[in-house]
Amino acid sequence: MSAVLSNILKAFGGGVLLYVLQRVLQTTFLSDFLRGNLVAILFGLLAINAPTLSVVLTKVRELMDKAGKHDAFQKTKMEMLLSIQEQVVLIVISLIALMVEKSPIIADKPNIALVIGILLPACLCYSLTILYDTCKSVFVILEFPNDK
C-alpha cells in the first residue's frame, strides 16, 4: 500500500510540475492534448500492459513449475493484478474529471479547474509509471538465472 501511495504522490507531483510548466510557458497545449487524448492513451497503455503481464506470468509459471513451488511469486502476481486495477481506476478518474470539467454546474468554480488541470497530467504520469514498472518486470524475468 505504501508503494501505491508513493506512486500517487509522485504522479501528483508530476502533474503539478507539468501544470506549472504549462502556465509558465503560457500555453494550453498539454491540457488541450490531454482533453482530447488522455482516455485513449490510458486504454492504449492498458492494452500494452495486459499482454506484457501475461508474458511475464507465463514465465513466472514456468519458474514455479520448474521449482515445484506453486505458492511462489504470490506477491508478484498480486502486484500485477494491482497494476491492472490501478489502470482501470485511472481511466475512470480521467473520465469523471473530463466530465466534471465541462459541466456547467462547476463552470464558475476556478478551484475545480485547477484541480482538474493538475489531475489529468497526474493520471498520465501515474499510467506511465505503471508502464515503466511493467517493462522492468520483463527485464527482471529475462535476467533470471535459468538453471537447466
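# A guided tour of the predicted model

Begin by selecting helix H2, residues 29-67, and centre the view on Asn37: the helix has a kink of about 60 degrees there. The coordinates come from a predicted model, and the tour should be read with that in mind.

**The ends of H2**

Continue to Gly68, just after H2, where phi is positive at about 75 degrees. Then select Gln26, which is found in the loop between H1 and H2. Gln26 also has a positive phi, near 55 degrees, although it is a residue other than glycine. Most residues other than glycine have a negative phi. With 73% relative accessibility, Gln26 counts as exposed.

**Salt bridges**

Next, display the charged side chains. How many salt bridges does a search of the whole structure find? The search returns six, and the stops below include three of them.

Select Asp32 and Arg35. These two residues form a salt bridge in which the closest N and O atoms are 2.7 Å apart. Both belong to helix H2, and because they are three residues apart, about one helical turn separates them. An α-helix has 3.6 residues a turn, so residues three or four places apart point the same way. Asp32 is partly exposed, at 41% relative accessibility, and Arg35 is likewise partly exposed, at 31%.

Move to Asp108 and Lys109, which form a salt bridge with their closest N and O atoms 3.6 Å apart. Are these residues buried or exposed? Asp108 counts as exposed, at 59% relative accessibility, while Lys109 is partly exposed, at 40%.

Now select Asp133 and Lys136, whose side chains meet in a salt bridge with an N to O distance of 3.7 Å. Both residues lie in helix H4, residues 110-143, and are three residues apart, about one turn of the helix. Asp133 is partly exposed at 34% relative accessibility, and Lys136 is partly exposed at 39%.

With these residues still displayed, add Glu101 to the selection. Salt bridges that share partners join Glu101, Asp32 and Arg35 into one network.

**Cysteines**

Select the cysteine sulfurs. A search of the whole structure finds zero disulfides. A disulfide is a covalent bond between the sulfur atoms of two cysteines. Why does Cys125 form no such bond? The closest cysteine sulfur, in Cys123, is 9.4 Å from the sulfur of Cys125, which is too far for a bond; the cut-off applied is 2.5 Å. Cys125 itself is buried, at 19% relative accessibility.

Cys135 is in no disulfide either, as the sulfur of Cys125, the nearest cysteine sulfur, is 16 Å away. Cys135 is partly exposed, with a relative accessible area of 34%.

**The largest pocket**

Turn on a pocket or surface display and locate the largest pocket, which holds about 530 Å³ of space. Which residues lie nearest its centre? They are Thr76, Glu79, Met80, Asp133 and Ser137, out of 22 residues that line the pocket. Asp133 has already appeared on this tour as the salt-bridge partner of Lys136.

Colour the lining by element. Helix H1 (2-24), H2, helix H3 (74-101) and H4 are the elements that give two or more residues to it. H4 gives the most, with seven residues. Then colour the lining by residue class: 13 residues are nonpolar, five are polar and four are charged.

**Two distance checks**

For the next stop, select Met78, which is found in helix H3. Met78 is exposed, with a relative accessible area of 53%. Draw a C-alpha to C-alpha distance from Met78 to Val16: the two residues are 62 residues apart in sequence and 30 Å apart in space.

Finish at Leu120, in helix H4. Is Leu120 buried or exposed? It counts as buried, at 4% relative accessibility. Extend a second distance from Leu120 to Cys135, 15 residues apart along the chain; their C-alpha atoms are separated by 23 Å.

Key: Residues are numbered from 1 along each chain as its sequence is written. This is a predicted model: local features need pLDDT of at least 70, side-chain atom pairs count only at pLDDT 80 or more; totals for chains, interfaces and linings use all residues. Side-chain values use heavy atoms; hydrogens and water are left out. The bend at a residue is the angle between axes fitted to the seven residues ending there and the seven starting there. Helices (H or I, at least four residues) and strands (E, at least two) are DSSP runs, numbered from the N terminus. A salt bridge is a side-chain nitrogen of Lys or Arg within 4 Å of a carboxyl oxygen of Asp or Glu. Buried means under 20% relative accessible area, exposed over 50%, partly exposed in between (1.4 Å probe, protein chains only). On a 1 Å grid over the protein atoms alone, a cavity is a set of points where a 1.4 Å probe fits but cannot get out, and a pocket is an open set with protein on both sides within 12 Å along at least five of seven lines; lining residues have an atom within 4 Å of a point. Grid points are joined across faces, edges and corners, and a volume is the space filled by probe spheres set on the points. Ala, Val, Leu, Ile, Met, Phe, Trp, Tyr, Cys and Pro count as nonpolar, Asp, Glu, Lys and Arg as charged, and the others, Gly among them, as polar.
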